[in-house]
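These are my notebook entries from going through one structure, written down in the order in which I looked things up.

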Amino acid sequence: MEGLRKNVKRIDYLLLFALLGLAVFGCLAILASTYGKSGTNVPANAFAKQVMFEVLGTGAMALTASMDYRSLRKVYKWMYAVSVFLLVVVMFMPSRFGAHAWIPLGPLSFQPSELAKLALIVAIAGYMADVDESEFPDYGWKTALPVIGMFLVPFALTLKEPALGQALVMFAITFFMYMVFAKRSYFLLMFGLFVLVIAGLTAVALAYSEQAVVVIQWMVKHHLLQGFQAQRILTWLDPNYSLTQYGYNVHQAQIAVGSGQVFGEGFLNGIETRGNWIPNQWTDFIFTAVAEEFGFVGSSLLILFFLLLFDRLVRIAAGSQDTFGTYIVVGIVAMFAFQVFENIGMNMYLSPSTGITLPFISYGGSSLIINYVAVGLALSVSLRRKALRFTG
Amino acid sequence: MKWRRTKSKQAKKRRNTQALQPDMPVAEAHRRQVVARTGVLYGMVFCAMSALIARLGYLQIAKGSEFRTIASTTMLSRMAVLPARGWIYDAGGNILAYDKPSFSIYLTKLPPGSGQDIAAIARRLAPAFHTTAAKILEAIQQNQDQAQVPLFRGVTNAQLAFIEEHKSELPGVNIVPEGQRVYPFGDLAGQVLGYVGSIGPQELSQYKKWHYLQNQIVGKTGIEQEYERLLQGQVGYEVVQTNNQFVPLKVLGYDPAPVPGKVLQLTLDGHLQAVAQQVVMDAVQKVNAGTNNVYNAAAVMLDVRTGGVLAMVSYPYFDPNWMLSGEAYTKHLPYLSQSSAEMNHAIQSPLYPGSTVKPANLLTALKEGVITPKTGFYDHYITRIGLSTVHDDDGHGWVDPVKAITVSCDTFFYEVGLWFGKWFGSTDASGGGPDHGKDYQTWLETDFARGINALFGGEAAFGLGQLTGIDLPNEQPGRFYIEDARQGYIRVPYDLQAAQDAIRKQGYYVNYGSPADLAYAGIGQSQEFTPIELAQYVATIANNGVRLQPHLLDKVYPPNTRLPGKAKPLFVFHPQVLGRIQAKPEYWDIVHRGMYGAVNDPSGTAYGAFIGTPYKAAGKTGTAQITIGGRQVDNSVFIGYAPYDHPQVAVAVMVPGAGYGATTAAPIARQLFDTYFKEHHEYFPKDQWEDMKVPADWSQSPAYTVPENAR
């Protein structure tokens, strides 16, 4: 029956519908968050550029989908190597917004960590598929070590930029990919650990924020955390911490989100959004534009579009003809889901602010194209599966 | 490659573990496990997304209105909006002053750290406003204690567009609608209306007490100043949503809304005023064509029944619009600085009234028993007073009280004055002397003081030498004088109140006057009165002693009232009786008949000026000797009322330097009477009737254009 459905629907239209919904939200949110604003850091013609990148991204997605993802198994190490090289190159690039994270390319700029995330997914997937297809697959700690090694290099380089958010995404990718791959006892251990960490963070945020502040200050003192990273965590722990400085963004963001109420303040009519009260709203804090102007109805619709996307991706992962495809798509889901949760959550004091973009919504050409390429990879997995059934 | 090798080395161990499911290949078993775990992953993602939506629901639905309030209030700024000033109408419904909508540019000083660079803003603004950055900065400096600094008023559309376009470079610069005062008839009653302007440093403390904002525009002179609190209205606040650079984004409304000022209607008759200004100017031009002695002139017409001012002329004329812009002010500065155009001579320039005081003195003399209605003697032309000599301007033959007024006999009033002081026997042959041969100094401190007190006091009862209480700021009272014998007979002010108190308490008043003071006081050469005092005085005569406060305000209407209309006034001015002079009707009759004769008897001094009037007026001329610019000239004065039998209007005209009262002042008064009755459709045939409209082309008329170019 599943095969019948796949035969009728060669392409996953629901997934495309989810992407279309996200693209529309993204373009509107960028228009809203840059509308009537001027300043050196406000991108000019952001809306038009975003529409252009949506089109380019769709093209890149189609191109990627038409390509056989299995060919990546031959080149994933090269991909990985190039991405690591670029992460090294970016260290020597001029600092922007306090981070060496962008390689300028004329009027545009490219963020190597975006590519590195995808390269990491493909590389880990390739390695894990290699293990699966080995004569005597080993799912113990010895196969975990190379995965950890593959993760650590780009993670450390990205952390050095500094781009804590991107680095955490890499951790999430690795964690969830390995969780799917690992043997049962490891899986249970990791799942338990995950639940424990979430519970622990929640408990700290809710009940022990004062003690946590002490711990974080100790960590800053011993250079385990950079100052501004600590400030972000402190801000998350204590919503009233440093409202005019470090806590300002998140504080304003939450006001914007909350003031959207049920139906929002109306497109291009958000008090905080139009007033430019949220710095860099078109990138990290883009969700506030959606939440303020479209309210609970609009912003939960946006989350539901994401959920639909993840649902389709997980189905693709489950239906993949080989575990390589499954691992890739799992990695993509982990990447997107972590970013979505982290990004939207930080606007609402649900997670610490880490400087992470909202996939498909935030302004930025290179990350949008990488996101489309990632979906394209998943589509490639889904299409290849059909091809297998037809030929088989 | 390396990884695979590593693994194959451990292959055996692995195989044992995986072989627990013997009926399924290891790879397939693992694939199923992986697929199953994608389900777990989806479950985790689902939980995460649900958590987001749950949190959204809490923030947006449960706490939404709280956050909305925070968002709305923290980004709001309140901009003071000045109220529109009330309009001023004349009695006939002509608009004398209104507020034209206009725009002003304000700078709101932003808190430190907002990135506001005032110097940069000044540099940006300067070219568009034809000024320099330094001047703008200076204006900002001067208003250092204000949060909102007015930069420019009455800006052009192009300048507004400039501000709008460069909004983002001009943080804190706002466009605020404000009224621009306009006096549509220019110099028509210019000094009466006054003008508006910024609060000056001296006024600041007073206005602060009234909770004014420093940038409010207030009345500086005239009616605008007198009724400032009525005209001003109440400041409102516009609530503006701003961005974090305090650039206004959206006007949300008023809280509270500004309340425009109340609308005033004056008793002033604009048409009559226009005619009066024309007539006064013509008269001045006529005199100056010959002698060029006249620098100023004044005329006042009062409604006898109410005290309402129907016309108040002060030449040279003044257009309050000149004070409203720097450009206009600069243009007219030569005229303003070289003339007394800003003064309201009608209330601020006391001068010798000459013979116009005779009716008052006559009445007082009759009341005090100094003379009787039957007193009469042959005009001896020359009168010796002690060692000095005064003379009449003519020999008038046999004079009695009525004739003394009609022909303006000086000798009669020299004698009356002397008799007030019990100085008897002055004739053309004898200098006379104190009653009962009193010692001179004793006489001076008793009989003289009592006499001159009675004489001046009688005048003061008519409001002469007193503030009339007219509703205009800066009224100057007239003065009484005596000549100080110790100081070579120079004129010194005579403190009437102190003298009266001294006589009452101790029976004498030490002074160094001389009997000549009595004679001079009798003919109006020892006191200075303003035209408004004279007008109030003659109106009091017309009212048989009921003295009313002259006033300009007639009605106060609610804000935004447009006249004529059905709006009910909030306030109507009721005549204020300031005093009543009690005298026998017979005495009033003598005064009236004397004044009637002055106008209607061929021997009357003003007869020539009033030939052929369809109504009967009564009046008195005055020709006082004054000095203007070192030259001995005559102050041409006339007071009068009409109609004689049931007076409606009273007039006082004073043209210093214009010769006899009959020559210049009386003809002006006649034209005012004529115009009044033509307007009120009385006495004159229908074809001569006039309406109360101010000529629309007033500011093109000679009365507007000539005075400024006259000298």
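**A hairpin and its sheet in chain B**

I began with strand β27 (residues 631–642) of chain B, which is joined to β26(B) by 11 bridges, the two strands running antiparallel. I noted for myself that this is a predicted model. Following one of the pairings by residue, I found that B:Q625 has B:D634 in β27(B) as its bridge partner. I then looked at the turn: β26(B) and β27(B) form a hairpin with 2 residues between them, and B:G629 in that turn has a positive phi of about 55 degrees.

Is strand β26 of chain B mostly covered or mostly uncovered? I looked up its residues, 618–628, and 8 of the 11 are buried, which I recorded as mostly covered.

On the other side of the pairing list, β27(B) also pairs with strand β28 (residues 649–656) of chain B, again in the antiparallel sense, over 8 bridges. Here B:A642 has B:V649 in β28(B) as its bridge partner.

Next I put the strands into their sheet, which is open, has 5 strands with antiparallel pairing, and follows the order β12-β11-β28-β27-β26 in chain B. Because β12 (309–315) and β26 of chain B each have a single partner strand, they stand at the edges, and one side of each is left without a neighbour in the sheet. From one strand to the next, the twist averages 10 degrees.

**Helices on the sheet**

I looked for helices against these strands and found helix α20 (residues 531–542) of chain B, which packs on the sheet and touches β11 (297–303), β12, β27 and β28 of chain B. The direction of α20 makes about 145 degrees with that of β28(B). Helix α22 (residues 661–679) of chain B lies across β11, β12, β26, β27 and β28 of chain B, and runs at about 30 degrees to β27(B).

**A helix pair in chain A**

In chain A, I compared helix α5 (residues 112–133) with helix α7 (residues 164–181), which pack at an angle of about 15 degrees with their axes 10 Å apart. That angle makes α5(A) roughly parallel to α7(A). The residues in contact include A:L120, A:I124 and A:M128 of α5(A), and A:M170, A:I173 and A:M177 of α7(A). The crossing of the two helices, α5(A) and α7(A), is right-handed.

**Confidence in chain A**

The mean pLDDT of chain A is 85, and 88% of its residues reach 70 or more. Over residues 1–8 of chain A, however, the pLDDT is below 50, and this stretch has 5 contacts in the model beyond near neighbours in sequence. I added a caution to my page: where pLDDT is low, the predicted coordinates should not be read in detail.

Key
Residues numbered from 1 in each chain as written. Chains lettered and ligands numbered in written order. Predicted model: local features only at pLDDT ≥ 70, side-chain atom pairs only at ≥ 80, totals over all residues. Heavy atoms only, no water. Buried < 20%, exposed > 50% of the residue type's maximum accessible area, 1.4 Å probe, protein only. Helix = DSSP H or I, 4+ residues; strand = E, 2+ residues; numbered from the N terminus. Pairing = 2+ DSSP bridges. pLDDT = per-residue confidence, 0-100. Contact = heavy atoms within 4.5 Å. Axes fitted to C-alpha atoms, helices over the stretch in contact; angles between N-to-C directions. Parallel < 35°, antiparallel > 145°, perpendicular 65-115°, else oblique. Left-handed = near helix turned anticlockwise from the far one by under 90°.
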